[in-house]
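Hello,

Here is the structure I promised to pass on to you. Have a look at it first, and then read my notes below.

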Amino acid sequence: MNIIKKFSLGILISLFLTISANADKIKIGTEGAYPPWNSKDASGKLIGFEVELAWTLCRYIGEQCEIVEQDWDGMIPALIMRKFDAIMAGMSITAERQKAISFSQGYADEVASLAVMKGSSLEGMDTPAGINLTKPNTAAKKALKTLTTALAGKTVCVQTATIHQNFLDSGDVGKVNVRTYKTQDEVNLDLASGRCDAALAAAVAFSDYAEKSGKPVVLVGPTFSGGAFGNGVGVGIRKDDTELLNAFNKAIDKARKNGDISRIATKWFGFDASM
Amino acid sequence: MDFELMVNSFPKLLNATAITLKLLSASLFFGLLIGLLFAVLRISKNPIINKFAYGYSYVFRGTPLLVQIFIIYFGLGQIEYLRTTVLWVILKEPYWCAIIAFALNTGAYTSEILRSAFQTIKPGFIEAGKSLGISNKIIFYRIQIPIAIRQSLPAYGNEIILMLKGTSLASTVTLMDLTGVAKYIISTTFKPIEVFIVAGSIYLFMTFLIHNLIKFLEKKYSF
């Protein structure tokens, strides 16, 4: 009995120490499963554009930081419940999310794209290279029509709670059969297995997967930006935490001026995705 | 607490409950057939058949249901050869993958429940049958099976309830069951507590119904 008592006391003390040691650090939540934005290396260490950028921003803020992992579908609830203080997880700034949390200024932007397996009937759609949905012009509207016809009755796979899911749910490309997955990895797996006729995500997420897996994944149709796809990726922060929001905005200003953001972005994306 | 959200999400969750019940009933149906078959194999005197049946229940009771459903859905989907066979028609669909995983899992538990029920039948019942000149086959179908089913009712009731909760894993392979729709609503409202309370209450209510049905059957067939 005595041993059990001592043992549980020891656990309690060490738990308490971990909690108190982390009390005044800024905790940043990331997913660790959305390369090249954020992912994990073979040893389980968090790596990626946002992990490196987070450390840089913390240096500018001048506070201790800790990066914690959180599943994507619980990201915003976890922030609200104070499991961490900021989100850096490739999260686009959208009006829908802004109802629940605040965002810093954007630090990087990406375009979304549909992907299929080589040989798919969806290859070779006649659309412009990219369309912006904030104020869609005639060409963009025409492209959406082309997509609506091509995707009718098709199964399109996306990660859950993403801008990509919102876009498909919005009806801009008609009624498609949307399948949602917990992680982008699972979307990639089912795209490769043929369960999905197409998948929608950040274009870089697909090129990263194609490169690492050697699978013949090809991008089709236009790249998407604006509208349901939001206005760049920013740091998500609780609405009442204006002090931290200002600190991050200032740190992003500095990092941008010193060229840190474009340097880190070029390193991870292969092109300058900073904004 | 956002009560309006709770009220608004209720009909959507209730709709999704239909899928949950479909998954549950299909899994229990196939699981019972598998369970009955393997329970009989388990009491076989042939050591090879016996070991085979034991191996099946050992593997499916010894690994998490989530792992089983992932292996069947994502794992089998990676085998290129399989995708060219006729099996892919079934394995392509998340619905059937989920039912296969659930049925195999509940089948393993059901086989153990029925096996122990068979083995606890008092020899007197069988001897009484024999002394009346009833054939072994009839003894098996008219005496052993009915008694075994009655004996296993309480344990099987638990298994139904466990399986009901197990169906929530269907949402991990893209099915929009009760949990899947709850997660979907949370993904747009960012309010997990409210939605999960409603979804949890629906699960609880279903458990209540199953529990009472089993209790009723126990009373009705008591001896």
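In this predicted model, chain A holds an open sheet of five strands, ordered S4-S1-S5-S13-S6, with mixed pairing. At its edges lie strand S4 (65-69) and strand S6 (102-108) of chain A, each of which pairs on one side only. The partner of S6(A) is strand S13 (residues 233-237) of chain A; the two run antiparallel and share four bridges. If you want a spot to zoom in on, A:Ser102 has A:Ile237 in S13(A) as its bridge partner.

Two helices of chain A pack on this sheet. Helix H2 (residues 49-61) of chain A touches strand S1 (26-30), S4 and S6 of chain A, and its direction makes about 155° with that of S4(A). Helix H9 (residues 242-257) of chain A touches strand S5 (86-87), S6 and S13 of chain A, and here the angle, taken with the direction of S6(A), is about 10°. S6(A) is thus touched by H2(A) and by H9(A).

Now to chain B, which has 10 helices and zero strands. Along the sequence its pattern reads α-α-α-α-α-α-α-α-α-α. Its C-alpha atoms fill a box of roughly 70 × 50 × 25 Å along the principal axes. Chain B has 223 residues, and 36% of them count as buried. Take the contacts in chain B between residues at least 6 apart in sequence: 77% of these join residues at least 24 apart.

One helix of chain B deserves a closer look: helix H6 (residues 94-119) of chain B. How far should its 26 residues span at 1.5 Å a residue? The expected value is 38 Å, and the end C-alpha atoms of H6(B) are 37 Å apart, which agrees. Of those 26 residues, 21 are buried, so H6(B) is largely enclosed by the rest of the structure.

Finally, the place where the two chains meet. Chain B brings 12 residues to the contact and chain A brings 18 residues. On the chain B side, the elements that give two or more residues are helix H3 (65-77) and helix H9 (178-189) of chain B. H9(B) supplies the largest share of that side, with three residues. Sorted by class, the side of chain B that touches chain A consists of three nonpolar, six polar and three charged residues.

Happy to talk it through whenever it suits you.

Best wishes

Technical notes:
Residues are numbered from 1 along each chain as its sequence is written. Chains are lettered from A and ligands numbered from 1 in the order in which they are written. This is a predicted model: local features need pLDDT of at least 70, side-chain atom pairs count only at pLDDT 80 or more; totals for chains, interfaces and linings use all residues. A residue is buried if 20 or more other C-beta atoms lie within 10 Å of its own, exposed if 12 or fewer, and partly exposed in between; C-beta atoms are placed from the backbone. Two residues are in contact if their C-beta atoms, placed from the backbone, lie within 7 Å. Ala, Val, Leu, Ile, Met, Phe, Trp, Tyr, Cys and Pro count as nonpolar, Asp, Glu, Lys and Arg as charged, and the others, Gly among them, as polar. Two strands pair if DSSP finds at least two bridges between them. Axes are lines fitted to C-alpha atoms, for helices over the stretch in contact, and angles run from 0 to 180 degrees between N-to-C directions. The expected span of a helix is 1.5 Å times one less than its number of residues.
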